[in-house]
Amino acid sequence: MVELINIDFRYKKKKPLFRDLNLQLSGGSIYGLLGKNGAGKTSLLKHISGLLFPNGGECLVNGQRVSERLPEVLQDIYVIPEEFALPPVSIDRYARINGLFYPDFNRDQLNHYLQEFELNTDEKLSSMSYGQKKKFLISFGLATNARLLILDEPTNGLDIPSKSQFRKIIASALTEEKLMIISTHQVRDLENLIDTVLVLESGQIIFNHNIATISEKLRFMQDVKAIPAGEVLYSEEGAGRKAGIVKNTSQLESRVDLEILFNGIIKNPAAIEAQLSKQNDYVC
Amino acid sequence: MSVNNIFNTQRQYNFILRQFSVYQNKWTIAAAVIFSLLLLISFGKAILDPSDLYDILGSYKGIFFFGGLILTSQVFSELHSPHKSYALFTLPVSNLEKLTGSWLITSPIYIFVFWTISFIIYCSSFLIAGEPIAVNQFFSSGLGNSIATYMVIQTIFLWGACYFRKNNFMKTVLSLIGLFIMTGMFAGLLTFLMFNEDNVLVFNINSNDYANLDNTTKRLLEGTTQFLFWAVLGPYMLLMSYFTLKERQV
(Lines give C-alpha, C1' and ligand atoms only; values in the text may rest on other atoms or scores of the structure.)
Protein backbone atom coordinates (compact mmCIF):
# COMPACT_ATOMS: atom_id res chain seq x y z
CA MET A 1 0.00 0.00 0.00
CA VAL A 2 2.83 2.43 0.89
CA GLU A 3 6.13 2.16 -0.88
CA LEU A 4 9.12 4.42 -0.36
CA ILE A 5 11.81 3.81 -2.94
CA ASN A 6 15.34 5.19 -2.53
CA ILE A 7 14.17 8.36 -0.82
CA ASP A 8 16.73 11.14 -0.51
CA PHE A 9 15.76 14.25 1.37
CA ARG A 10 17.47 17.20 2.98
CA TYR A 11 16.25 20.42 4.57
CA LYS A 12 19.71 21.98 4.42
CA LYS A 13 22.11 21.44 1.56
CA LYS A 14 24.89 19.75 3.52
CA LYS A 15 22.70 17.93 6.03
CA PRO A 16 20.78 15.05 4.49
CA LEU A 17 17.91 13.64 6.54
CA PHE A 18 17.11 10.55 4.47
CA ARG A 19 19.61 8.81 2.28
CA ASP A 20 18.41 6.01 0.03
CA LEU A 21 15.57 5.16 2.39
CA ASN A 22 13.40 2.20 1.40
CA LEU A 23 10.23 1.04 3.11
CA GLN A 24 7.19 -1.04 2.26
CA LEU A 25 4.04 -1.02 4.37
CA SER A 26 1.02 -3.18 3.72
CA GLY A 27 -2.66 -3.03 4.77
CA GLY A 28 -4.26 -4.69 7.76
CA SER A 29 -1.57 -3.46 10.17
CA ILE A 30 -0.87 -0.78 12.70
CA TYR A 31 2.73 0.38 12.44
CA GLY A 32 4.42 2.12 15.35
CA LEU A 33 7.04 4.56 14.12
CA LEU A 34 9.63 5.26 16.79
CA GLY A 35 12.74 7.39 16.75
CA LYS A 36 14.74 9.90 18.73
CA ASN A 37 14.01 13.62 18.56
CA GLY A 38 15.06 14.94 15.17
CA ALA A 39 15.33 11.48 13.62
CA GLY A 40 12.85 12.54 10.95
CA LYS A 41 9.64 10.74 11.97
CA THR A 42 7.38 13.69 11.18
CA SER A 43 9.26 14.34 7.93
CA LEU A 44 8.79 10.72 6.94
CA LEU A 45 5.06 10.95 7.63
CA LYS A 46 4.95 14.16 5.59
CA HIS A 47 6.54 12.34 2.66
CA ILE A 48 4.01 9.53 2.91
CA SER A 49 1.13 12.02 2.90
CA GLY A 50 2.51 14.19 0.07
CA LEU A 51 3.19 17.19 2.28
CA LEU A 52 6.90 17.06 1.48
CA PHE A 53 8.52 15.98 -1.77
CA PRO A 54 11.72 13.91 -1.80
CA ASN A 55 14.85 15.26 -3.47
CA GLY A 56 15.38 11.82 -4.95
CA GLY A 57 13.41 8.59 -5.21
CA GLU A 58 9.65 8.28 -5.03
CA CYS A 59 6.88 7.69 -2.55
CA LEU A 60 3.93 5.64 -3.76
CA VAL A 61 0.56 5.14 -2.11
CA ASN A 62 -1.63 2.52 -3.77
CA GLY A 63 0.84 2.54 -6.65
CA GLN A 64 0.50 6.28 -7.33
CA ARG A 65 2.98 9.07 -6.63
CA VAL A 66 1.62 10.83 -3.58
CA SER A 67 3.47 14.07 -4.42
CA GLU A 68 1.05 14.57 -7.34
CA ARG A 69 -1.66 15.12 -4.69
CA LEU A 70 -4.38 13.59 -6.84
CA PRO A 71 -7.86 13.57 -5.28
CA GLU A 72 -8.08 9.82 -5.96
CA VAL A 73 -5.02 9.23 -3.75
CA LEU A 74 -5.82 11.88 -1.13
CA GLN A 75 -9.33 10.60 -0.45
CA ASP A 76 -7.68 7.45 0.88
CA ILE A 77 -5.27 9.28 3.20
CA TYR A 78 -6.10 11.03 6.43
CA VAL A 79 -3.45 12.82 8.48
CA ILE A 80 -3.77 13.71 12.16
CA PRO A 81 -0.78 15.95 12.89
CA GLU A 82 0.68 16.67 16.29
CA GLU A 83 -0.07 20.38 16.07
CA PHE A 84 -3.13 21.62 14.24
CA ALA A 85 -5.71 24.38 14.12
CA LEU A 86 -9.39 23.85 13.40
CA PRO A 87 -11.86 26.40 12.01
CA PRO A 88 -14.29 28.13 14.38
CA VAL A 89 -17.30 25.97 13.46
CA SER A 90 -19.31 23.34 15.30
CA ILE A 91 -18.42 19.63 15.09
CA ASP A 92 -21.60 19.08 13.14
CA ARG A 93 -20.82 21.75 10.53
CA TYR A 94 -17.21 20.60 10.19
CA ALA A 95 -18.33 17.05 9.57
CA ARG A 96 -21.01 18.12 7.04
CA ILE A 97 -18.58 20.22 5.02
CA ASN A 98 -15.42 18.11 5.18
CA GLY A 99 -17.09 14.69 5.05
CA LEU A 100 -18.16 15.48 1.47
CA PHE A 101 -14.60 15.01 0.24
CA TYR A 102 -14.31 11.41 1.47
CA PRO A 103 -16.55 8.96 -0.42
CA ASP A 104 -16.53 6.41 2.43
CA PHE A 105 -17.20 8.93 5.19
CA ASN A 106 -19.74 7.52 7.64
CA ARG A 107 -21.64 9.93 9.88
CA ASP A 108 -22.98 7.19 12.17
CA GLN A 109 -19.46 5.97 12.74
CA LEU A 110 -18.37 9.52 13.62
CA ASN A 111 -21.23 9.88 16.10
CA HIS A 112 -20.25 6.57 17.66
CA TYR A 113 -16.60 7.63 18.13
CA LEU A 114 -17.66 11.03 19.46
CA GLN A 115 -19.89 9.31 21.97
CA GLU A 116 -17.01 7.07 23.03
CA PHE A 117 -14.85 10.16 23.55
CA GLU A 118 -17.74 11.98 25.26
CA LEU A 119 -17.85 14.87 22.79
CA ASN A 120 -20.95 16.90 21.97
CA THR A 121 -21.69 17.48 18.24
CA ASP A 122 -23.12 20.96 18.85
CA GLU A 123 -19.96 22.19 20.50
CA LYS A 124 -17.82 24.73 18.65
CA LEU A 125 -14.33 23.47 17.81
CA SER A 126 -12.76 26.79 18.79
CA SER A 127 -14.11 26.50 22.33
CA MET A 128 -12.68 23.01 22.89
CA SER A 129 -9.47 22.13 24.69
CA TYR A 130 -6.49 20.75 22.76
CA GLY A 131 -7.23 17.21 23.94
CA GLN A 132 -10.90 17.46 22.90
CA LYS A 133 -9.92 18.79 19.49
CA LYS A 134 -7.52 15.90 19.09
CA LYS A 135 -10.21 13.40 20.03
CA PHE A 136 -12.51 14.99 17.48
CA LEU A 137 -9.85 14.85 14.76
CA ILE A 138 -9.13 11.18 15.53
CA SER A 139 -12.87 10.42 15.36
CA PHE A 140 -13.26 12.29 12.10
CA GLY A 141 -10.17 10.64 10.59
CA LEU A 142 -11.47 7.18 11.44
CA ALA A 143 -14.95 8.01 10.13
CA THR A 144 -13.54 8.98 6.72
CA ASN A 145 -12.60 5.31 6.33
CA ALA A 146 -9.48 6.38 4.51
CA ARG A 147 -7.34 3.33 3.95
CA LEU A 148 -4.20 5.07 5.16
CA LEU A 149 -4.43 6.81 8.50
CA ILE A 150 -1.37 8.71 9.68
CA LEU A 151 -1.23 9.77 13.31
CA ASP A 152 1.61 11.90 14.65
CA GLU A 153 1.78 11.81 18.44
CA PRO A 154 -1.96 11.02 18.73
CA THR A 155 -1.98 10.54 22.49
CA ASN A 156 -0.34 13.90 23.31
CA GLY A 157 -2.89 15.93 25.21
CA LEU A 158 -5.24 13.03 25.90
CA ASP A 159 -6.20 12.31 29.50
CA ILE A 160 -5.75 8.82 30.98
CA PRO A 161 -9.27 7.49 30.25
CA SER A 162 -9.09 8.91 26.71
CA LYS A 163 -5.81 7.08 26.07
CA SER A 164 -7.41 3.73 26.76
CA GLN A 165 -10.46 4.76 24.70
CA PHE A 166 -8.07 5.69 21.92
CA ARG A 167 -6.43 2.24 21.99
CA LYS A 168 -9.83 0.56 22.00
CA ILE A 169 -11.19 2.63 19.11
CA ILE A 170 -8.07 2.28 16.96
CA ALA A 171 -7.97 -1.48 17.47
CA SER A 172 -11.65 -1.82 16.57
CA ALA A 173 -11.33 0.37 13.46
CA LEU A 174 -8.58 -1.70 11.84
CA THR A 175 -9.67 -3.80 8.87
CA GLU A 176 -7.74 -5.93 6.38
CA GLU A 177 -7.49 -3.08 3.88
CA LYS A 178 -6.57 -0.32 6.32
CA LEU A 179 -3.09 0.76 7.26
CA MET A 180 -2.35 2.93 10.25
CA ILE A 181 0.97 4.56 11.02
CA ILE A 182 1.37 5.94 14.51
CA SER A 183 4.42 7.98 15.39
CA THR A 184 4.98 8.63 19.06
CA HIS A 185 7.36 9.08 21.95
CA GLN A 186 4.74 7.80 24.37
CA VAL A 187 5.56 4.17 23.67
CA ARG A 188 3.52 2.91 26.62
CA ASP A 189 0.39 4.22 24.88
CA LEU A 190 1.04 1.92 21.94
CA GLU A 191 1.55 -1.29 23.89
CA ASN A 192 -0.94 -3.99 22.89
CA LEU A 193 -1.94 -1.84 19.92
CA ILE A 194 0.71 -1.93 17.23
CA ASP A 195 1.50 -4.91 15.01
CA THR A 196 4.84 -3.77 13.69
CA VAL A 197 7.63 -1.67 15.17
CA LEU A 198 9.57 0.65 12.88
CA VAL A 199 12.58 2.54 14.19
CA LEU A 200 14.00 5.47 12.29
CA GLU A 201 17.60 6.42 13.00
CA SER A 202 20.24 8.31 11.01
CA GLY A 203 17.96 8.64 7.99
CA GLN A 204 17.29 4.90 7.74
CA ILE A 205 14.71 2.44 8.99
CA ILE A 206 17.00 0.41 11.23
CA PHE A 207 14.29 -1.82 12.66
CA ASN A 208 11.18 -3.26 11.02
CA HIS A 209 9.71 -6.30 12.79
CA ASN A 210 6.28 -7.39 13.85
CA ILE A 211 5.33 -7.75 17.48
CA ALA A 212 4.69 -11.50 17.13
CA THR A 213 8.29 -12.13 16.03
CA ILE A 214 9.66 -9.83 18.73
CA SER A 215 7.70 -11.49 21.52
CA GLU A 216 8.64 -14.91 20.22
CA LYS A 217 12.38 -14.26 20.01
CA LEU A 218 13.03 -11.69 22.70
CA ARG A 219 12.17 -11.64 26.36
CA PHE A 220 11.80 -8.41 28.29
CA MET A 221 12.78 -8.59 31.93
CA GLN A 222 12.62 -6.08 34.73
CA ASP A 223 15.81 -7.57 36.23
CA VAL A 224 18.41 -9.47 34.25
CA LYS A 225 21.02 -9.74 37.02
CA ALA A 226 20.43 -13.47 37.37
CA ILE A 227 20.64 -14.12 33.63
CA PRO A 228 23.96 -15.34 32.15
CA ALA A 229 25.76 -12.51 30.33
CA GLY A 230 25.68 -14.42 27.01
CA GLU A 231 21.90 -14.40 27.03
CA VAL A 232 21.56 -10.66 27.66
CA LEU A 233 21.21 -8.57 24.49
CA TYR A 234 20.73 -5.25 26.23
CA SER A 235 20.40 -4.00 29.77
CA GLU A 236 19.91 -0.69 31.53
CA GLU A 237 20.39 0.26 35.16
CA GLY A 238 17.52 1.89 36.98
CA ALA A 239 15.88 1.99 40.43
CA GLY A 240 18.18 -0.66 41.83
CA ARG A 241 17.34 -3.08 39.05
CA LYS A 242 18.83 -3.99 35.72
CA ALA A 243 16.03 -4.17 33.19
CA GLY A 244 16.86 -5.62 29.81
CA ILE A 245 16.26 -7.79 26.78
CA VAL A 246 17.35 -11.41 26.70
CA LYS A 247 17.09 -14.20 24.18
CA ASN A 248 13.76 -15.94 24.37
CA THR A 249 14.64 -19.61 24.41
CA SER A 250 11.27 -20.79 25.64
CA GLN A 251 8.29 -21.39 23.39
CA LEU A 252 6.29 -18.88 25.39
CA GLU A 253 5.56 -15.46 23.96
CA SER A 254 6.97 -12.64 26.01
CA ARG A 255 5.20 -9.33 26.71
CA VAL A 256 6.95 -6.65 24.64
CA ASP A 257 8.21 -3.62 26.55
CA LEU A 258 8.49 -1.02 23.82
CA GLU A 259 10.55 1.36 25.91
CA ILE A 260 13.26 -1.17 26.62
CA LEU A 261 13.06 -2.46 23.07
CA PHE A 262 13.57 1.03 21.66
CA ASN A 263 16.55 1.70 23.95
CA GLY A 264 18.01 -1.69 23.01
CA ILE A 265 17.63 -1.00 19.30
CA ILE A 266 19.34 2.37 19.61
CA LYS A 267 22.19 1.09 21.83
CA ASN A 268 22.78 -2.39 20.44
CA PRO A 269 20.96 -2.81 17.13
CA ALA A 270 23.23 -5.53 15.77
CA ALA A 271 22.63 -8.00 18.63
CA ILE A 272 18.87 -7.52 18.56
CA GLU A 273 18.66 -7.76 14.79
CA ALA A 274 20.81 -10.90 14.83
CA GLN A 275 18.52 -12.54 17.39
CA LEU A 276 15.38 -11.62 15.44
CA SER A 277 16.81 -12.85 12.14
CA LYS A 278 17.91 -16.15 13.69
CA GLN A 279 15.93 -19.33 13.08
CA ASN A 280 14.07 -20.62 16.15
CA ASP A 281 16.37 -22.36 18.62
CA TYR A 282 13.94 -23.35 21.30
CA VAL A 283 15.15 -25.40 24.20
CA CYS A 284 12.51 -28.04 24.58
CA MET B 1 -15.41 3.99 -9.57
CA SER B 2 -12.91 6.14 -11.45
CA VAL B 3 -12.20 9.57 -10.03
CA ASN B 4 -11.62 12.66 -12.17
CA ASN B 5 -8.31 13.87 -10.80
CA ILE B 6 -8.28 17.20 -12.62
CA PHE B 7 -11.67 18.84 -12.34
CA ASN B 8 -15.03 17.89 -10.90
CA THR B 9 -17.86 20.43 -10.59
CA GLN B 10 -19.32 18.94 -7.42
CA ARG B 11 -15.90 18.83 -5.74
CA GLN B 12 -15.32 22.43 -6.82
CA TYR B 13 -18.60 23.48 -5.24
CA ASN B 14 -17.77 21.59 -2.03
CA PHE B 15 -14.37 23.27 -1.90
CA ILE B 16 -15.90 26.75 -2.18
CA LEU B 17 -18.33 25.87 0.63
CA ARG B 18 -15.41 24.67 2.74
CA GLN B 19 -13.45 27.89 2.13
CA PHE B 20 -16.42 29.99 3.25
CA SER B 21 -16.63 27.86 6.37
CA VAL B 22 -12.89 28.10 7.16
CA TYR B 23 -12.71 31.87 6.66
CA GLN B 24 -16.23 32.76 7.80
CA ASN B 25 -15.14 34.89 10.79
CA LYS B 26 -12.46 36.82 8.93
CA TRP B 27 -14.63 37.44 5.89
CA THR B 28 -17.67 38.46 7.89
CA ILE B 29 -15.63 41.09 9.72
CA ALA B 30 -14.00 42.29 6.47
CA ALA B 31 -17.41 42.54 4.75
CA ALA B 32 -18.82 44.44 7.71
CA VAL B 33 -15.93 46.94 7.58
CA ILE B 34 -16.18 47.44 3.81
CA PHE B 35 -19.94 47.91 3.68
CA SER B 36 -20.00 50.09 6.80
CA LEU B 37 -17.47 52.32 5.08
CA LEU B 38 -19.60 52.46 1.94
CA LEU B 39 -22.69 53.27 4.01
CA LEU B 40 -20.85 55.99 5.89
CA ILE B 41 -19.52 57.63 2.72
CA SER B 42 -22.81 57.34 0.81
CA PHE B 43 -25.20 58.42 3.54
CA GLY B 44 -22.81 61.11 4.73
CA LYS B 45 -22.69 62.60 1.22
CA ALA B 46 -26.47 62.19 0.83
CA ILE B 47 -27.14 64.15 3.99
CA LEU B 48 -24.36 66.74 3.95
CA ASP B 49 -23.81 67.39 0.22
CA PRO B 50 -26.48 65.77 -1.98
CA SER B 51 -25.44 67.58 -5.19
CA ASP B 52 -23.56 65.34 -7.65
CA LEU B 53 -24.21 62.32 -5.51
CA TYR B 54 -22.86 60.01 -8.20
CA ASP B 55 -19.39 61.36 -7.35
CA ILE B 56 -19.28 58.75 -4.62
CA LEU B 57 -18.67 56.11 -7.31
CA GLY B 58 -15.00 57.09 -7.29
CA SER B 59 -14.77 56.14 -3.60
CA TYR B 60 -16.66 52.91 -4.33
CA LYS B 61 -14.03 51.95 -6.91
CA GLY B 62 -11.17 52.70 -4.52
CA ILE B 63 -12.74 50.54 -1.81
CA PHE B 64 -13.54 47.86 -4.40
CA PHE B 65 -9.89 47.59 -5.46
CA PHE B 66 -8.39 47.83 -2.01
CA GLY B 67 -10.85 45.38 -0.41
CA GLY B 68 -10.59 42.91 -3.27
CA LEU B 69 -6.81 42.86 -3.37
CA ILE B 70 -6.56 42.46 0.41
CA LEU B 71 -9.09 39.61 0.26
CA THR B 72 -7.10 37.98 -2.54
CA SER B 73 -3.82 38.24 -0.68
CA GLN B 74 -5.40 36.43 2.28
CA VAL B 75 -7.17 33.68 0.36
CA PHE B 76 -4.33 31.19 0.82
CA SER B 77 -3.42 32.17 4.39
CA GLU B 78 -4.18 28.59 5.46
CA LEU B 79 -1.33 27.51 3.21
CA HIS B 80 1.24 29.53 5.14
CA SER B 81 0.31 28.42 8.64
CA PRO B 82 2.21 25.29 9.75
CA HIS B 83 -0.79 24.23 11.87
CA LYS B 84 -3.33 24.60 9.07
CA SER B 85 -1.52 23.89 5.81
CA TYR B 86 -1.70 20.09 6.20
CA ALA B 87 -5.51 20.31 6.00
CA LEU B 88 -5.47 22.12 2.67
CA PHE B 89 -2.67 20.05 1.14
CA THR B 90 -4.20 16.69 2.06
CA LEU B 91 -7.76 17.69 1.15
CA PRO B 92 -8.90 15.46 -1.74
CA VAL B 93 -9.26 18.35 -4.17
CA SER B 94 -7.05 18.88 -7.22
CA ASN B 95 -4.63 21.79 -7.44
CA LEU B 96 -6.70 23.19 -10.30
CA GLU B 97 -9.85 23.12 -8.16
CA LYS B 98 -8.04 24.79 -5.25
CA LEU B 99 -6.87 27.57 -7.55
CA THR B 100 -10.14 27.93 -9.45
CA GLY B 101 -12.14 27.93 -6.22
CA SER B 102 -9.97 30.65 -4.72
CA TRP B 103 -10.14 32.69 -7.94
CA LEU B 104 -13.93 32.35 -8.13
CA ILE B 105 -14.29 33.60 -4.55
CA THR B 106 -11.93 36.56 -4.92
CA SER B 107 -12.88 37.60 -8.41
CA PRO B 108 -16.38 36.84 -9.85
CA ILE B 109 -18.13 36.20 -6.51
CA TYR B 110 -16.46 39.17 -4.83
CA ILE B 111 -17.24 41.45 -7.80
CA PHE B 112 -20.88 40.35 -7.85
CA VAL B 113 -21.41 40.72 -4.10
CA PHE B 114 -19.54 44.03 -3.85
CA TRP B 115 -21.32 45.77 -6.71
CA THR B 116 -24.76 44.37 -5.85
CA ILE B 117 -24.55 45.68 -2.30
CA SER B 118 -22.92 48.90 -3.51
CA PHE B 119 -25.80 49.42 -5.93
CA ILE B 120 -28.32 49.00 -3.11
CA ILE B 121 -26.40 51.49 -0.93
CA TYR B 122 -26.05 53.87 -3.90
CA CYS B 123 -29.79 53.79 -4.58
CA SER B 124 -30.58 54.18 -0.88
CA SER B 125 -28.40 57.27 -0.64
CA PHE B 126 -30.35 58.89 -3.51
CA LEU B 127 -33.58 58.10 -1.67
CA ILE B 128 -32.20 59.67 1.51
CA ALA B 129 -31.13 62.76 -0.44
CA GLY B 130 -34.59 62.91 -2.09
CA GLU B 131 -33.00 62.92 -5.54
CA PRO B 132 -33.98 60.78 -8.56
CA ILE B 133 -31.77 57.69 -8.70
CA ALA B 134 -29.05 58.10 -11.35
CA VAL B 135 -28.96 54.44 -12.42
CA ASN B 136 -27.27 55.24 -15.73
CA GLN B 137 -24.43 57.02 -13.98
CA PHE B 138 -23.76 53.94 -11.91
CA PHE B 139 -23.25 51.72 -14.94
CA SER B 140 -21.72 54.21 -17.35
CA SER B 141 -18.99 55.65 -15.21
CA GLY B 142 -16.28 53.21 -16.24
CA LEU B 143 -17.62 50.42 -14.05
CA GLY B 144 -16.88 47.77 -16.69
CA ASN B 145 -13.34 49.04 -17.12
CA SER B 146 -12.74 49.05 -13.36
CA ILE B 147 -13.98 45.48 -13.06
CA ALA B 148 -11.85 44.32 -16.00
CA THR B 149 -8.76 46.06 -14.60
CA TYR B 150 -9.41 44.50 -11.19
CA MET B 151 -9.72 41.06 -12.75
CA VAL B 152 -6.29 41.40 -14.36
CA ILE B 153 -4.44 42.96 -11.40
CA GLN B 154 -6.13 40.54 -9.00
CA THR B 155 -4.36 37.58 -10.64
CA ILE B 156 -0.99 39.09 -9.64
CA PHE B 157 -2.14 39.23 -6.01
CA LEU B 158 -3.47 35.68 -6.28
CA TRP B 159 0.00 34.54 -7.29
CA GLY B 160 1.47 36.58 -4.42
CA ALA B 161 -0.96 34.86 -2.04
CA CYS B 162 0.39 31.44 -3.11
CA TYR B 163 4.02 32.46 -3.27
CA PHE B 164 4.76 34.70 -0.27
CA ARG B 165 4.49 33.19 3.19
CA LYS B 166 4.00 36.41 5.17
CA ASN B 167 2.80 39.95 4.38
CA ASN B 168 1.63 38.77 0.96
CA PHE B 169 -0.11 42.04 0.13
CA MET B 170 2.87 44.29 0.82
CA LYS B 171 5.32 41.92 -0.83
CA THR B 172 3.19 41.71 -3.97
CA VAL B 173 2.93 45.52 -4.10
CA LEU B 174 6.71 45.72 -3.68
CA SER B 175 7.23 43.19 -6.47
CA LEU B 176 4.96 45.23 -8.74
CA ILE B 177 6.86 48.43 -7.97
CA GLY B 178 10.12 46.64 -8.70
CA LEU B 179 8.73 45.30 -11.95
CA PHE B 180 7.52 48.74 -13.05
CA ILE B 181 10.88 50.32 -12.26
CA MET B 182 12.73 47.64 -14.20
CA THR B 183 10.37 47.86 -17.18
CA GLY B 184 10.64 51.65 -17.11
CA MET B 185 14.42 51.51 -17.01
CA PHE B 186 14.51 49.02 -19.86
CA ALA B 187 12.11 51.10 -21.98
CA GLY B 188 14.09 54.26 -21.17
CA LEU B 189 17.35 52.65 -22.14
CA LEU B 190 15.87 51.33 -25.36
CA THR B 191 14.49 54.78 -26.25
CA PHE B 192 17.79 56.43 -25.43
CA LEU B 193 19.74 53.99 -27.58
CA MET B 194 17.42 54.45 -30.55
CA PHE B 195 16.55 58.14 -30.46
CA ASN B 196 19.39 60.12 -28.97
CA GLU B 197 21.07 62.37 -31.49
CA ASP B 198 24.22 60.32 -31.95
CA ASN B 199 22.40 57.05 -32.45
CA VAL B 200 19.85 58.57 -34.85
CA LEU B 201 22.89 59.31 -36.96
CA VAL B 202 24.30 55.85 -36.35
CA PHE B 203 21.07 54.24 -37.53
CA ASN B 204 21.17 56.72 -40.47
CA ILE B 205 17.65 58.05 -39.93
CA ASN B 206 16.86 61.40 -41.53
CA SER B 207 14.59 63.99 -39.87
CA ASN B 208 11.44 63.11 -41.90
CA ASP B 209 11.74 59.44 -41.14
CA TYR B 210 12.40 60.28 -37.51
CA ALA B 211 8.88 61.65 -36.95
CA ASN B 212 7.30 58.64 -38.67
CA LEU B 213 9.41 56.25 -36.67
CA ASP B 214 8.43 58.02 -33.47
CA ASN B 215 4.72 57.62 -34.23
CA THR B 216 5.06 54.02 -35.35
CA THR B 217 6.99 53.12 -32.22
CA LYS B 218 4.41 54.81 -30.01
CA ARG B 219 1.56 52.92 -31.70
CA LEU B 220 3.47 49.66 -31.54
CA LEU B 221 4.35 50.11 -27.89
CA GLU B 222 0.79 51.07 -26.98
CA GLY B 223 -0.69 48.13 -28.85
CA THR B 224 1.77 45.66 -27.39
CA THR B 225 1.33 46.95 -23.86
CA GLN B 226 -2.46 46.80 -24.12
CA PHE B 227 -2.36 43.31 -25.59
CA LEU B 228 0.06 42.12 -22.88
CA PHE B 229 -2.04 43.66 -20.10
CA TRP B 230 -5.54 42.62 -21.21
CA ALA B 231 -4.89 39.29 -22.90
CA VAL B 232 -1.64 37.84 -21.54
CA LEU B 233 -1.03 39.03 -17.98
CA GLY B 234 -4.16 37.50 -16.36
CA PRO B 235 -3.88 33.98 -17.82
CA TYR B 236 -0.09 34.01 -17.33
CA MET B 237 -0.39 34.88 -13.63
CA LEU B 238 -3.09 32.23 -13.15
CA LEU B 239 -0.77 29.67 -14.73
CA MET B 240 2.09 30.82 -12.47
CA SER B 241 -0.22 30.53 -9.44
CA TYR B 242 -1.18 26.99 -10.45
CA PHE B 243 2.43 25.81 -10.63
CA THR B 244 3.35 27.65 -7.42
CA LEU B 245 0.48 25.87 -5.66
CA LYS B 246 1.39 22.51 -7.19
CA GLU B 247 5.02 22.72 -6.08
CA ARG B 248 4.24 24.11 -2.64
CA GLN B 249 5.24 21.97 0.37
CA VAL B 250 4.60 22.45 4.07
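How many residues of chain A are in contact with chain B, and how many of chain B with chain A? Keep that in mind while you load both chains, and remember that you are looking at a predicted model.

**Stop 1: where the chains meet**

Select both sides of the interface: 27 residues of chain A are in contact with 22 residues of chain B. On the chain A side, the elements that give two or more residues are helix 2 (71-74), strand 6 (77-80) and helix 3 (91-98). Colour that side by residue class and you should get 18 nonpolar, 4 polar and 5 charged residues.

**Stop 2: the sheet at the start of chain A**

Now hide chain B and go to the beginning of chain A. Four strands sit there in an open sheet, ordered 2-1-4-5, with antiparallel pairing. Click on strand 2 (15-25) and strand 5 (64-65): these are the edge strands, and each has a single partner, so one side of each is left without a neighbour in the sheet.

Next, pick strand 1 (residues 2-12) and strand 4 (residues 56-61) of chain A, an antiparallel pair joined over 5 bridges. For a landmark within that pair, select A:Leu4, whose bridge partner in strand 4 of chain A is A:Cys59. Then add helix 1 (residues 41-48) of chain A, which packs on the sheet and touches strand 1, strand 2 and strand 4 of chain A. Its direction makes about 125 degrees with that of strand 1 of chain A.

**Stop 3: a pair of helices in chain A**

Move along to helix 4 (residues 107-116) and helix 5 (residues 130-143) of chain A. Their axes come within 8 Å and cross at roughly 150 degrees; helix 4 and helix 5 of chain A are therefore roughly antiparallel to each other. Turn the view to look through one helix at the other, and you will find that helix 4 of chain A passes helix 5 of chain A in a right-handed crossing.

Show side chains for the contact. Helix 4 of chain A brings A:Gln109, A:Leu110, A:Tyr113 and A:Leu114, while helix 5 of chain A brings A:Ser139, A:Phe140, A:Leu142 and A:Ala143. By class, the contact of these two helices holds 6 nonpolar, 2 polar and no charged residues.

**Stop 4: from domain 1 to domain 2**

Zoom out and colour chain A by domain: domain 1 covers 2-202 and domain 2 covers 209-277. The centres of the two domains of chain A, taken over C-alpha atoms, are separated by 29 Å. Where they touch, 12 residues of domain 1 of chain A are in contact with 10 residues of domain 2 of chain A. Which strand gives the largest share of the domain 1 side? Select strand 9 (residues 196-201) of chain A, which supplies 4 residues. The domain 1 side as a whole divides into 6 nonpolar, 1 polar and 5 charged residues.

Stay with strand 9 of chain A, which pairs in the antiparallel sense with strand 10 (residues 204-210) of chain A over 6 bridges. A:Val197 has A:His209 in strand 10 of chain A as its bridge partner. At the turn of this hairpin, 2 residues lie between the strands, and A:Ser202 takes a positive phi near 50 degrees.

**Stop 5: the sheet in the later part of chain A**

Select strands 11, 12 and 13 of chain A: they form an open sheet in the order 11-13-12, with antiparallel pairing. Strand 11 (218-221) and strand 12 (232-238) of chain A stand at the edges with a single partner strand each, so one side of each has no neighbour in the sheet. From one strand to the next, the twist averages 10 degrees.

Strand 12 of chain A is joined to strand 13 (residues 241-247) of chain A by 6 bridges, and A:Glu236 stands opposite A:Ala243 in strand 13 of chain A. Bring in helix 9 (residues 269-277) of chain A to see it lie across strands 11, 12 and 13 of chain A, at about 135 degrees to strand 12 of chain A.

**Stop 6: chain B helices**

Finish by showing chain B. Helix 2 (residues 24-48) and helix 3 (residues 56-74) of chain B have axes that come within 11 Å and cross at roughly 170 degrees, and are therefore roughly antiparallel to each other. Their contact has 9 nonpolar, 3 polar and 1 charged residues.

Last, select helix 3 and helix 5 (residues 95-129) of chain B, which make a right-handed crossing. Residues in this contact include B:Phe64 of helix 3 of chain B and B:Phe114 of helix 5 of chain B.

Notes: Residues numbered from 1 in each chain as written. Chains lettered and ligands numbered in written order. Predicted model: local features only at pLDDT ≥ 70, side-chain atom pairs only at ≥ 80, totals over all residues. Pairing = 2+ DSSP bridges. Axes fitted to C-alpha atoms, helices over the stretch in contact; angles between N-to-C directions. Contact = placed C-beta atoms within 7 Å. Domains from an automatic or database assignment. Nonpolar A, V, L, I, M, F, W, Y, C, P; charged D, E, K, R; others polar. Parallel < 35°, antiparallel > 145°, perpendicular 65-115°, else oblique. Left-handed = near helix turned anticlockwise from the far one by under 90°.
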